[in-house]
Amino acid sequence: MAESNLSGGNMVGSMVRTGSSLLAVVAGVAVLAGCGWGSSMDSAAEPSGATTSTTTSTTAKPASCPALSADPLVTKELKTALAATHLPVGACLISVDVVGDPSRLDEMVFLITLDVPTAATPDDLRPIATDIAHVWKESELGQRTAELDITNWGYAGAKYMEYLVDNGFRNHPWNGTPSREAELAIWTVTAKG
């Protein structure tokens, strides 16, 4: 009798492992289909071991995020790195644009547009903007960026037009120092204008 209980226990364990594997496959297919499971581009995987303090949402995720619209200066590698940035469920990275004169390579300003339905105010974008700044700083463009702006203008339901600005991007390390809280405080809320 003890053996049959043990066999039944093994069967349940096997079913749990099979169910977990099936769930992992379904989740993987959803990510590849661009269903907003923490990425806004179809081809990117979530970074392993990354920790962020972005907010998650229980709202329904979009069927898919649109393809990232990016200025030609943004390399494929940077697009992939940005796509791997953890976003709240249902959020999308919409576009990356150069603001101003792209020929002035030492004073480049970039505007990144998001669609974050859970962001009730620009301050709610701070964790996401900080994660993006980490990725951006490590890129070739990060070394030439004077200012980085993060908006939620991709979300039609936003009740605000203000956005986040780091107008001293070049001078900030964006590597987790001195602390996450200090980095979150760098961003300035600016009115659209």
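**How the labels in this model are earned**

Author: Arg126 is buried in this predicted model, its relative accessible area being 16%.

Reader: Why is Arg126 called buried?

Author: Buried means under 20% relative accessible area. Arg126 has 16%, so the label fits.

Reader: What about Asp123: what makes this residue partly exposed?

Author: The relative accessible area of Asp123 is 39%. Partly exposed covers the range between the 20% and 50% cut-offs, so Asp123 belongs there.

Reader: How do you know that Arg126 and Asp123 form a salt bridge?

Author: Their side chains meet with N and O 2.8 Å apart. The cut-off is 4 Å between a side-chain nitrogen of Lys or Arg and a carboxyl oxygen of Asp or Glu, so this pair qualifies.

Reader: Happy with that one! How many salt bridges does a search of the whole structure find?

Author: The search finds 3 salt bridges. Another of them pairs Arg180 with Asp131, where the closest N and O atoms are 2.8 Å apart.

Reader: Why do you say that the Arg180 and Asp131 pair ties together parts that are apart in sequence?

Author: Arg180 lies in helix α5 (residues 180–186) and Asp131 in helix α3 (residues 126–137), so the pair ties together parts 49 residues apart in sequence.

Reader: And is Asp131 buried or exposed?

Author: Asp131 has a relative accessible area of 8%. That value falls under the 20% cut-off, so Asp131 counts as buried.

Reader: What makes Glu140 and Arg144 a salt bridge?

Author: The N to O distance between their side chains is 2.9 Å. This is within 4 Å, so the pair counts. Both residues sit in helix α4 (residues 140–144), and being 4 residues apart they are separated by about one helical turn.

Reader: Why do Glu140 and Arg144 get their accessibility labels?

Author: Glu140 has a relative accessible area of 55%, over the 50% cut-off, so Glu140 is exposed. Arg144, at 22%, falls between 20% and 50%, so Arg144 is partly exposed.

Reader: Let's turn to the strands. How do you know that β1 and β2 pair?

Author: Strand β1 (residues 69–70) and strand β2 (residues 92–99) run parallel and are joined by 2 bridges. Pairing needs at least two bridges, so they pair. Ser69 stands opposite Ser95 in β2. From β1 the chain crosses through helix α2 (residues 76–83) to β2, in a left-handed β-α-β crossover.

Reader: What makes β2 and β3 a pair?

Author: Here 7 bridges join β2 to strand β3 (residues 108–115), so the requirement of at least two is met. These strands run antiparallel, and Cys92 has Asp115 as its bridge partner in β3.

Note on methods:
Residues numbered from 1 in each chain as written. Predicted model: local features only at pLDDT ≥ 70, side-chain atom pairs only at ≥ 80, totals over all residues. Heavy atoms only, no water. Right-handed = clockwise from strand over helix to strand, strands pointing away. Buried < 20%, exposed > 50% of the residue type's maximum accessible area, 1.4 Å probe, protein only.
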